[in-house]
Amino acid sequence: MKLSYRWLARHVDLSGLTPEQIRNDLTLSTAEIEAVEPFGQGLDEIVVGHVLERRKHPEADKLSVTRVDAGQGEALQIVCGAPNVAAGQSVAVVLPGRRLPDGTRIGKAKLRGIESFGMICSERELGLSDEHEGILVLEPGARPGTRFVDAVPVADHVLEIDNKSINHRPDLWGHHGFARELAAIYGRELHAPVRRQALPADGTRVVLSVEDPADCPRYLGLVLAGLKVQRSPAWLRYLLRAVGQRPINNLVDATNFVMLDLGQPLHAFDLRMLSPQGVHVRRARPGETMHTLDGQERRLEPVDLLITSGGEAVALAGVMGGARSAVADDTSTIFLESATFHPTRIRRTSTRLGLRTEASSRYEKALDPALAEDAVHRMAELLAEVSPGAHAAGPMGDATGWRFAPRTIRLRKARLDHKLGVTLPVERVESIFRGLRFGVQRCTEGLDVGIPSWRATKDLTIEDDLIEEVGRMHRFDNIPPVPLTGTVALAPREPELFLAQRALRVAAAELGCHEVYHYSFVPDALLAACRADGQEYLRVANPVAPEITRMRRHVLPSTLGAVAQNLRVQPEVRLMEHGKGYQPERRDAHGLPHEVRELGIVWARNAGAEPYPELRSRVLGLCARLGAPATAADLHPGGDLAWIHPGRTVALRRGERAFGYVGVLHPHVAANLGIPPTTAIATLDLRALLAAGVAEPRFVPIPRFPSQPVDVALLAPSGARAGDLARFLREVGDGMVRDVVLFEAYRGAGLPPGTKSLNFTVTLGAEDRTLTAADEEAYLMRVRQRCAGLGVTLRG
Amino acid sequence: MDGLREQSLAAIAAATDLAALDAVDAALFGKNGSVLQLVKGVSSLPKEQRPAAGKAANELKVALQAALEARRTALREQVLAADLLAPDFDPTEPGPALPRGTLHPITIVQDELVDLFSAMGFSWQDGPEIETEFFNFDALNIPPEHPARDSMDTFWLQGGHLLRTHTSPVQVRTMLRFPPPLKVIVPGRVFRQETVDASHEHTFYQMEGLVVDRGVSVANLIHTMKTCLQQILRRELQVRLRPGFFPFVEPGFELDVNCPFCSGKGCSVCKHSGWIEILPCGMVHPNVLRAGGLDPEEWTGFAFGMGLQRVVMLRYGIHDIRLFMGGDLRFLRQFDTL
């Protein structure tokens, strides 16, 4: 919304205050002013001229040669290209050697052989609008040579308000409302918004009725006659231009002016188009239609509020007038509507039809019904000024008899001081409220504050709202900061969060993973590529794109989606992602779907060694670092993890409880995504990890007697599992085995086909003695005897 | 004997490295070494010549051993000296490229903020990303039909729940879970149905904070926020607090910092105002306290909601918000600190 400095100055004395100051002070106390721009500046060198004579240019059809008296002694010969220049006009002239607002210097020129001294200006050249169809024709009256800025006051500054910062202040959607704030901020006098007009007690009146006062708490009407539709005077045109409105004619401009002045939208109907039955405000009936002012045919619904006359819709209440009853150039009598509508009703209709107007955006804010009456008087006064002879033809009609019910809110001084954190003298608080024009009465606890009608519709309802008024007018920056004090107690911890933080740090430092973030939604194509298409997913009803409706169940498909693009720019990619997966089939106590917290890891390489073995070691290391040393000795059953290679992925477990997996990507998924089939993946379910038990290391006494390493090479079928054999080697040791480590799995030349050699180092030791060669022999003997049962043989 | 002495001393002096010297040593004192032969040869001399010859031989032996030792020491020192000069060892050559992982810049800043607030006694909490309408709106004093519901374009799920549009629901959840006094921070992912461009995302991060105690005031809020911002933006800064309207706080504020790009003089980043809007905050609305089961007569609180991406962009000078969710390693690997 735009505000004109000059327009504000009509309501409150702004002498000595620059637009920048006002911008700053309003931002700090009231609402955000986004920008201040000059308007109508740079016109000091323009003068008023009278066109004495005009003739066609002999050499050019589109040009005229004029003689203009610009108060310089001799009349000037000016060649002009405008179609509307004529003798007798008052125009705006740039004298030769002087400048236009944009800095262009106008001099002597020769246009098609005829000399031209100076220029007659269009509005666009004056920087007042985009009108450039013709020259600006002024109202007659000013003497030639008068400075333009003295004849037509336009110099102004325009403040741009961020509408979001006044959504909660229905009283600020017009200049008077802001003037009221400025009066409070600077302690200046505020001029009354209206001079009440004497309206006839009798005469032409329109019968008014409202179906439901809840929809329309106030509906006022006035018949105004004797109108002559013509151009508005310059002062009105340029105030409207300054705030970005286009002047149309004196009638339309007057209604717009009152709306922008007081914040109350008005609507004028051509009285000829209304039925003698009067005006009735009601909801639309199913199937009803109407033609709105913008030329569109609208289908209406029972949620829409209508202004009707003679059974037919003449306006979409609060949003837009009807085409048929709109004022025309020959309108001489109007019915003026000034009303208050229920904000939600207007909002619903406006949203439904996609029609946002200056009027509807004000009605949506819950206007003060008292304003409707002020607006009627203001309009009557203004119309008489801009259309001499216009007058009220009858009394003001009132369909609902609304009266303001005054309200008081008690503000306890102790609570004010306590909440602000600073103690203000009660006189200061009183003067703040008086400055805002609130009634104020002292009481034992503090102040009883009378809320005026313009703040009573929604903004000020509770004591805390008054505390905000005091705070903002005093300026929050004037409150000295005070550190918090309080109890020193251990705050409740959420262990999952700390676990995730540590896991990310270890994975960055030791696994070399780069953390990525992805959206919680997964594109259908990616889920299909990961073979996870047929599972149950939560779906977004209003997605960003129709092919991205599903919420991921697990983190890893998102991470996998980033691999290919990165492998194009570097040969190895190590990614990790910490985030949530959403699973609809499980619900919590409130019925909300289950959320899992996972750390997903992907390692992919274009060439070189397969990532899995190293990732496996690193992931087990990560688990140990988190206090959850895990085993990875049996295949993961799969479940809904459709992207894992079923034969090459192991479950991470502590005891019986599984909390993740490490393995290789499913070859079909790798092919679908265009990434190497050796790509290794892992996921830790952090909550499950915590549930499986996190423990501190426990000291085990250093053995007193030395360890004895023994090499054990087992010849096993290719499909044998190292984990099983390691377990065997430990068990067969009768408590003498301190550690079993596979240092090589050898496949290849020298071995019978279908076999591999698993080469272990078994560390033997006893608590009570140093082992001997005999002990080693005995162990190997037991291994040799019992390993046949597992289908393996001891080599060597 | 003199001949041998001359020859041997010459050979010792001529040895250019330890290997050559070892060879001379072996020739003189090794198996069949000439000096040993000489000493052995003394016993085959006539008896009256032996004492003199033996003495001379021994002197030769000692002298040559001393010469060998001296030369050995000299050669070793030469090796060490050469080592110190080492012209063909270039310590400025890069070593092997070792994989080094990184945290996402939002994680880095979030962790710092968590640390900062933990140092002030705040508890790090979390809440569900999929929320009920009640916790996301109603409990926060945003009834149906409230225009604030429009300004937060909500993602709705089939089945009736929504994706939380802010981290504020966790305020009420926390108040229902833990008795006051409370100091809580909740960083988290939030969702708004918005068109993605260089400064807007539909999935972004906020850091919510809530303090509830007896006697918590606006003065406390200003102090806490200023301290936090100074730490996180790493500079002395000016802040200004101006009115802002949000349904769940009263009074509500917008906290601005002076623009770091132009030091408050005005530039395109701060839209020529000299200030950057960074932190909506305010005193918790009594209705929200009640939704959390607390009596607003006894307890007051303040709350704030920082846009984490905005802070991260200011901290690192990142110009395009889309980079955060883009998964491009050329962006991610730039944030190397742990």
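Here is a walk through a sheet and a pocket in chain A, with a stop at the domains of chain B. This is a predicted model in which local features need pLDDT of at least 70 and side-chain atom pairs count only at pLDDT 80 or more, while totals for chains, interfaces and linings use all residues. Residues are numbered from 1 along each chain as its sequence is written, and chains are lettered from A in the order in which they are written.

Let's start with the sheet. In chain A, 5 strands (DSSP runs of E, at least two residues, numbered from the N terminus) make an open sheet of mixed pairing, ordered 14-17-20-21-22. Strand 14 (208–210) and strand 22 (320–321) of chain A each have a single partner strand, so one side of each is left without a neighbour in the sheet. Pairing here takes at least two DSSP bridges between two strands; strand 17 (279–283) and strand 20 (305–309) of chain A have 5, in the antiparallel sense. Across that pair, R282(A) sits opposite L306(A).

Now for the second largest pocket (an open set of points on a 1 Å grid where a 1.4 Å probe fits, with protein on both sides within 12 Å along at least five of seven lines). Lining residues have an atom within 4 Å of a point; there are 36, with Y612(A), R616(A), A722(A), G723(A) and L742(A) nearest the centre. Domain 5 (495–692) and domain 6 (708–794) of chain A, with bounds from an automatic or database assignment, both contribute to the lining, so the pocket lies between them.

Over in chain B, the centres of domain 1 and domain 2, taken over C-alpha atoms, are 87 Å apart. Domain 1 covers 2–85 and domain 2 covers 105–332.

Conventions. Heavy atoms only, no water. Helix = DSSP H or I, 4+ residues; strand = E, 2+ residues; numbered from the N terminus.
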